[in-house]
Every structure is written in structure tokens, then in C-alpha cells.
Amino acid sequence: RAVHSEQLGRFFTHRTHKKFCPICRKPNLLVVDTCTACRQSLGDGNIAPAGRDVVQEAIVETPKGWEEIHRSFDFLIVKSPWPVSSFHYWGIPKGTMPDLRKVRRRHMKHLRTLREIALQHLEPRLPRDCTEEDMIFGFSYPCEFAHLVMHVVVPPIANLELFRDPYFYSFNRVAADVSRHGMLQVPGPSVGLGPVDSAVQKLNDSVCARRS
């Protein structure tokens with residue numbers, strides 16, 4: 001999806017450019033006007049070439065300061081360096097898997113195994129009043145990175161920008177689309193961000209109410 005910047009007078013693509021937060025340095029999609037990690041306001045002046053990808057580098061060696069939970073030949077699980085809640089982890093499948101639209105039926109067994117391993121390692125870390133039912137598994141498309149990342153999040157969520165339509169896709173939605181159509185079904189080009197994914201909003205509201 002190409003995005004036009006009136007301020008800079010040119011088109012950019014999510015693959016080659018990102019909006020880099022000047023505060024936390026997180027790469028963000030070009031369509032956002034607020035950092036999905038720290039809520040810093042972003043504009044076209046924050047657009048820069050994507051450069052080296054932190055996720056691809058983490059697959060080779062976990063960056064200094066990151067908390068590694070699990071590393072194997074096929075998978076990597078780390079605590080998100082840009083968390084949106086106190087419980088926010090990344091599940092990363094190794095191998096060539098640059099984004100969600102490349103996922104086919106033959107890949108789903110691999111992703112289901114990633115989900116199972118993430119659950120195995122992260123369930124013991126859940127807050128006492130939470131269960132597996134409170135865990136959000138999903139992906140961003142386009143992704144802020146050059147490699148597929150599965151987000152694992154438990155509310156309460158401090159910043160819901162990451163979960164806005166049409167750029168967040170739950171694991172179950174991806175699995176259903178790939179099973180039915182052979183690949184993820186995405187809407188046509190979007191001018192901007194829509195509302196927060198309804199299932200995420202409902203779960204977040206429920207957990208917050210339970211804790212109030």
C-alpha cells in the first residue's frame with residue numbers, strides 16, 4: 001500500500017519507509033499519527049527509510065536489553081521492547097516469512113506450533129486473575145518490521161493504537177481466512193485508521209472492569 005505525503009510531495013511504501021518515533025524509536029506504519037507504543041505524535045517529518053530491521057537481527061542474536069523467553073531452531077519468543085501493556089510478548093517464526101500475506105495453508109501448522117509454544121512459556125507468567133482466555137494473539141498487516149511478528153498481549157492495554165482496523169488481525173481470523181481462501185483476505189486501500197478491533201476492545205473493557 002503506497003501512502004502519499006502532501007508535506008513531502010511523494011509516495012512512500014510500508015516496506016521501504018516507516019514513521020520512526022523520536023521518543024522511543026519504534027518504527028510505525030506510515031498511516032499512523034500516534035506512536036503505537038508511547039503515544040508520541042507523529043507526522044510526515046518522522047518518515048525515514050526502514051534501514052536495518054530489529055526483528056531480523058533478533059533472529060540471529062537477541063539485542064542487548066531485550067528479554068529472551070525462548071529460542072529454538074524454529075522460533076523466538078521475547079518480551080516486546082515496545083510494550084502496550086505489562087504483558088506484551090512477541091512470537092517470531094524463524095525462516096523466510098516477511099509478512100502475513102505470504103502465509104499459506106502449509107504455513108499454518110508452523111504458526112499454530114508457535115502459538116502453542118508461546119502459550120506454554122507465557123501462561124505461567126500470567127497475572128493471577130487472568131487465564132488463557134484473556135490472551136490476545138494477533139498480527140499487524142502491513143507489519144512495522146521486515147519479518148512476521150505475532151503479538152501476545154493481556155489487558156489492561158495502555159495504548160490501543162496497535163489494534164486498530166484494518167491493520168490488526170487476530171490469530172483466529174488469519175487461520176480462518178487461510179483455511180477458507182488459501183491466504184489472508186485484506187480490505188482495499190484504507191485512507192486511514194479505523195476503530196479499535198471490537199474483540200480486543202471488548203476484552204480490554206472486561207478485564208479493566210474486573211480489576212476496578
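**Group meeting: loops, cores and one cavity**

Okay, let's start with Arg25, which is partly exposed, at 49% relative accessibility. On this scale, buried means under 20% relative accessible area, exposed means over 50%, and partly exposed is what lies in between, using a 1.4 Å probe and protein chains only.

Before I go on: this is a predicted model, where local features need pLDDT of at least 70 and side-chain atom pairs count only at pLDDT 80 or more, while totals for chains, interfaces and linings use all residues. Residues are numbered from 1 along each chain as its sequence is written, and side-chain values use heavy atoms, with hydrogens and water left out.

Back to Arg25. This residue is not a glycine, yet it has a positive phi of about 70°. Arg25 is in the loop between strand E3 (17-20) and strand E4 (27-28). Those labels are DSSP runs numbered from the N terminus: helices are H or I with at least four residues, strands are E with at least two.

Arg39 also has a positive phi of about 70° without being a glycine. You'll find Arg39 in the loop between E4 and E5, and at 52% relative accessible area it counts as exposed.

While we're on backbones, there are cis peptide bonds to look at. One runs from Tyr141 to Pro142, with omega near -5°, and Pro142 is in the loop between E9 and E10. Another joins Pro155 and Pro156, with omega about 5°. Pro156 belongs to the loop between E10 and strand E11 (168-170).

Now the strands earlier in the chain. Arg10 is part of strand E2 (residues 10-13), and with a relative accessible area of 42% it is partly exposed. What does Arg10 touch, once you ignore residues up to four places away in sequence? The list is Val3, His4, Ser5 and His17, where contact means heavy atoms within 4.5 Å. If you like C-alpha distances, Arg10 and Gly45 are 35 residues apart along the chain and 13 Å apart in space.

His17 comes up again with Pro49. Leaving aside neighbours within four places in sequence, Pro49 contacts Thr16, His17 and Phe20. Pro49 is in strand E5 (residues 47-49) and is exposed at 58% relative accessibility. Its C-alpha is 9.1 Å from that of Arg15, and the two are 34 residues apart in the chain.

Let's go inside. A nonpolar core here is a set of buried Ala, Val, Leu, Ile, Met, Phe, Trp, Tyr and Cys residues joined through side-chain atoms within 4.5 Å. Which residues touch the most other members of the largest core? Out of 31 residues, they are Leu100, Leu111, Leu122, Met135 and Val152. The elements giving two or more residues to this core are strands E7 (75-79), E8 (87-93), E9 (136-140) and E10 (150-154), plus helices H2 (105-122) and H3 (171-181). H2 provides the largest share, seven residues.

Take Leu111 as an example. Not counting residues up to four places away in sequence, Leu111 touches Pro93, Met97, Val103, Phe139, Leu148 and Phe171. There's also a second, separate core of 20 residues, with Cys35, Ala37, Leu42 and Trp90 among them.

On to the cysteines. How many disulfides does the structure hold? Zero, with a disulfide defined as a pair of cysteine sulfur atoms within 2.5 Å. Cys38 is in none; the nearest cysteine sulfur, in Cys21, is 3.4 Å away. Cys38 is partly exposed, at 34% relative accessibility. Cys143, on the other hand, is buried at 8%. Its sulfur is too far for a bond, because the closest cysteine sulfur, in Cys35, is 14 Å away.

Last topic: empty space. Rolling a probe the size of a water molecule over the atoms shows where such space is left. Here a cavity is a set of points, on a 1 Å grid over the protein atoms alone, where a 1.4 Å probe fits but cannot get out; lining residues have an atom within 4 Å of a point. Grid points are joined across faces, edges and corners, and a volume is the space filled by probe spheres set on the points. The count comes to one cavity of 30 Å³ or more, and the largest has a volume of about 70 Å³. Its lining residues are Leu29, Val32, Thr36, Ser140, Glu144, Glu161, Leu162, Arg164, Tyr167 and Leu193.

How values were computed: 1 Å grid on protein atoms, 1.4 Å probe; cavity = no way out; pocket = protein on both sides within 12 Å on 5 of 7 lines; lining within 4 Å.
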